[in-house]
Amino acid sequence: DQGAALPYTKGFHLICQLVAAMNPDDLDAMDESVPFTKATLDNLLGIVHNDESYRYYFDQFIRAQQMRKCEGPADQIKKNVQWNYNDFLRAPVANQIPQVQQLKQQLASMP
């Protein structure tokens with residue numbers, strides 16, 4: 001879901017599952033098809049990304065979403081979201097971005 005730029009392994013997945021309850025705004029949100037903000041990605045990977053490296057992550061995330069297989073209406077909605085790069089560059093966590101809030105409301109209201 002996060003794209004080729006995120007160094008994702010089974011070990012990373014297991015660690016994220018273990019500590020996700022303590023970090024609901026980032027680790028727990030990994031599987032929600034929402035990109036990490038720059039601040040979250042910096043904290044997760046322990047490095048400060050410059051604009052170029054964060055843009056690479058963001059573009060790879062978008063590419064991964066466009067290539068995903070849709071198994072239902074919710075997947076189609078997630079696949080078609082046009083994320084605003086600048087919102088994710090500036091916000092501390094994705095839950096503070098109105099577009100993310102709207103997506104979550106839309107998905108929650110689906111039958």
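This passage describes the nonpolar core, the second helix and the salt bridges of a predicted model.

Local features were taken at pLDDT of at least 70 and side-chain atom pairs only at pLDDT 80 or more, whereas totals for chains, interfaces and linings use all residues. Residues are numbered from 1 along each chain as its sequence is written, and side-chain values rest on heavy atoms, with hydrogens and water left out.

The largest nonpolar core (buried Ala, Val, Leu, Ile, Met, Phe, Trp, Tyr and Cys residues joined through side-chain atoms within 4.5 Å) comprises 16 residues. Here, buried denotes under 20% relative accessible area, exposed over 50%, and partly exposed the range in between, for a 1.4 Å probe and protein chains only. The residues with the most contacts inside this core are Val-34, Tyr-54, Tyr-57, Phe-58, Trp-83, Phe-88 and Val-100. Two or more residues are given to the core by each of helix 3 (51-67), helix 5 (85-90) and helix 6 (98-108); helices are DSSP runs of H or I with at least four residues, numbered from the N terminus. Helix 3 supplies the largest share, four residues. When neighbours within four places in sequence are set aside, Val-100 is in contact (heavy atoms within 4.5 Å) with Val-34, Trp-83, Phe-88, Ala-94 and Asn-95.

Helix 2 spans residues 38-45, and Lys-38, Thr-40, Leu-41 and Asp-42 are buried within it. The buried residues of this helix pack against helix 3 and helix 5. Gly-46, which follows helix 2, has a positive phi, near 75°.

Three salt bridges were found in a search of the whole structure, a salt bridge being a side-chain nitrogen of Lys or Arg within 4 Å of a carboxyl oxygen of Asp or Glu. One of them joins the side chains of Lys-38 and Asp-42, at 2.7 Å from N to O. Both residues belong to helix 2 and are separated by four residues, about one turn of the helix; Lys-38 and Asp-42 are both buried. In helix 3, Arg-55 and Asp-59 likewise lie four residues apart, about one turn of the helix, and their side chains form a salt bridge of 3.4 Å, N to O. Because its relative accessibility is 35%, Arg-55 is classed as partly exposed. Asp-59 also counts as partly exposed, because its relative accessibility is 35%. An α-helix has 3.6 residues a turn, so residues three or four places apart point the same way. A further salt bridge links the side chains of Arg-68 and Asp-75 at 3.0 Å, N to O, and both Arg-68 and Asp-75 are buried.
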